[in-house]
Amino acid sequence: MVILVMLFQSFGVLAGDTKNNQIAYATFGSEGETYLIDARMLSVAEVGEKAGKSGWMLKAAGTKTRYIYVDVKDSFMHNLCDDSVYVEVEYYDEGNNVFLIEYDSQTRKDQHSEYVDMHNTLTWKKHTFFLQDARFSNSLENSDFRITTYSGNLGAGGNALIGSVKVWY
């Protein structure tokens, strides 16, 4: 059973400024939590629930619902030069869609990561992206990266339910 609720979602940053042994994170859904991250969508986030967990629904067909924008707190990670960044995305594997992240890199503001294929296992899964050239200077619409099912190369990739994101280096 799917429960969908329309809520405005924008989470702020919680206390903590050092990057040593820390992970920035955000959980999405009806009761989100964040640490060192601000996450938002351009419109009202649609919250979906699957297998006892909730998340934000990405819809590639809509221009305001196709991205989750993530801004890592500047005191934790900003204007990187030689740092590799890890981004873990938790998602519900439903359908045969793809998702990716577009991020602020050393060479362009909307660099594409690898694509993650979904295989309709109807389970929650996690994928870790390794970004060797991340810059994270807030130049992607005042964010460092965005999660999307849409790609200029692929067009609309379908829908995806995103449960959480973690960032570290």
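Let me begin with one residue, Arg 146. Leaving aside neighbours within four places in sequence, Arg 146 is in contact with Tyr 67, Ile 68, Tyr 69, Leu 100, Ile 101, Glu 102, Leu 140 and Glu 141. I should say at once that what we are looking at is a predicted model, and I shall return to its confidence at the end.

Where does Arg 146 sit in the fold? It belongs to strand β14, which covers residues 145–148. Its relative accessibility is 9%, so Arg 146 counts as buried, the limit being 20%.

Which groups, then, meet the side chain of this buried arginine? One is the carboxylate-bearing residue Glu 102: the side chains of Arg 146 and Glu 102 are joined by a polar contact of 2.6 Å. A second polar contact, at 3.1 Å, runs from the side chain of Arg 146 to the side chain of Tyr 69. In addition, Arg 146 lies over the face of Tyr 67, at 3.9 Å from the ring centre.

The two tyrosines deserve a closer look. The ring centres of Tyr 67 and Tyr 69 are 5.6 Å apart and the planes meet at 55°, so this pair is classed as tilted. Tyr 67 has a relative accessibility of 11% and therefore counts as buried. Tyr 69 is buried as well, with a relative accessible area of 1%. A second arginine also enters the picture here: the charged end of Arg 40 sits over the ring of Tyr 69, 4.6 Å from its centre. To restate the arrangement, Arg 146 lies over the face of Tyr 67, while Arg 40 has its charged end over the ring of Tyr 69.

The structure holds 10 aromatic pairs. Elsewhere, ring pairs link Tyr 86, Phe 130 and Trp 168 into a cluster.

Let me move one place along the chain, to Ile 147. This residue is also placed in strand β14. Ile 147 is buried, with a relative accessible area of 0%. Which residues does Ile 147 touch, once those up to four places away in sequence are set aside? They are Leu 58, Arg 66, Tyr 67, Ile 68, Val 89, Phe 99, Leu 100, Ile 101, Ile 162 and Val 165. One of these, Ile 68, is 79 residues away from Ile 147 along the chain, yet the two C-alpha atoms are separated by 5.2 Å.

A third residue to consider is Val 167, in strand β17, residues 159–168. Val 167 counts as buried, at 0% relative accessibility. Beyond residues up to four places away in sequence, Val 167 touches Ile 23, Ala 24, Ile 37, Val 72, Phe 76, Met 77, Val 85, Tyr 86, Val 87, Phe 136 and Phe 145. Tyr 86, on that list, is a member of the ring cluster I mentioned. Val 167 and Val 89 lie 78 residues apart in sequence, with a C-alpha to C-alpha distance of 9.1 Å.

Now for the chain as a whole. Its secondary structure comes to zero helices and 17 strands. Of the contacts between residues at least 6 apart in sequence, 73% join residues at least 24 apart. Buried residues account for 49% of the 169 residues. The chain exposes about 7900 Å², of which carbon and sulfur atoms supply 47%.

Two loop residues call for comment on backbone geometry. Ala 51 has a positive phi of about 50°, although it is not a glycine. Ala 51 lies in the loop between β6 (45–50) and β7 (53–59), and it is exposed, with a relative accessible area of 64%. Asn 138 likewise has a positive phi, near 65°. Its place is in the loop between β13 (123–131) and β14. Is Asn 138 buried or exposed? It is buried, with a relative accessible area of 17%.

Finally, the confidence. The mean pLDDT of the chain is 83, and 81% of the residues reach 70 or more. Over residues 1–19, however, the pLDDT is below 50, although this stretch has 61 contacts in the model beyond near neighbours in sequence. Where pLDDT is low, the predicted coordinates should not be read in detail.

Key. Residues numbered from 1 in each chain as written. Predicted model: local features only at pLDDT ≥ 70, side-chain atom pairs only at ≥ 80, totals over all residues. Heavy atoms only, no water. Helix = DSSP H or I, 4+ residues; strand = E, 2+ residues; numbered from the N terminus. Buried < 20%, exposed > 50% of the residue type's maximum accessible area, 1.4 Å probe, protein only. Contact = heavy atoms within 4.5 Å. Areas by Shrake-Rupley, 256 points an atom, 1.4 Å probe, with all protein chains shown as cover. Phe/Tyr/Trp six-rings, centres within 6.5 Å; stacked < 30°, edge-to-face > 60°. Lys NZ or Arg CZ within 6 Å of the ring centre and 35° of its normal. Polar contact = N/O pair within 3.5 Å; in protein donor to acceptor, adjacent residues only side chain to side chain. pLDDT = per-residue confidence, 0-100.
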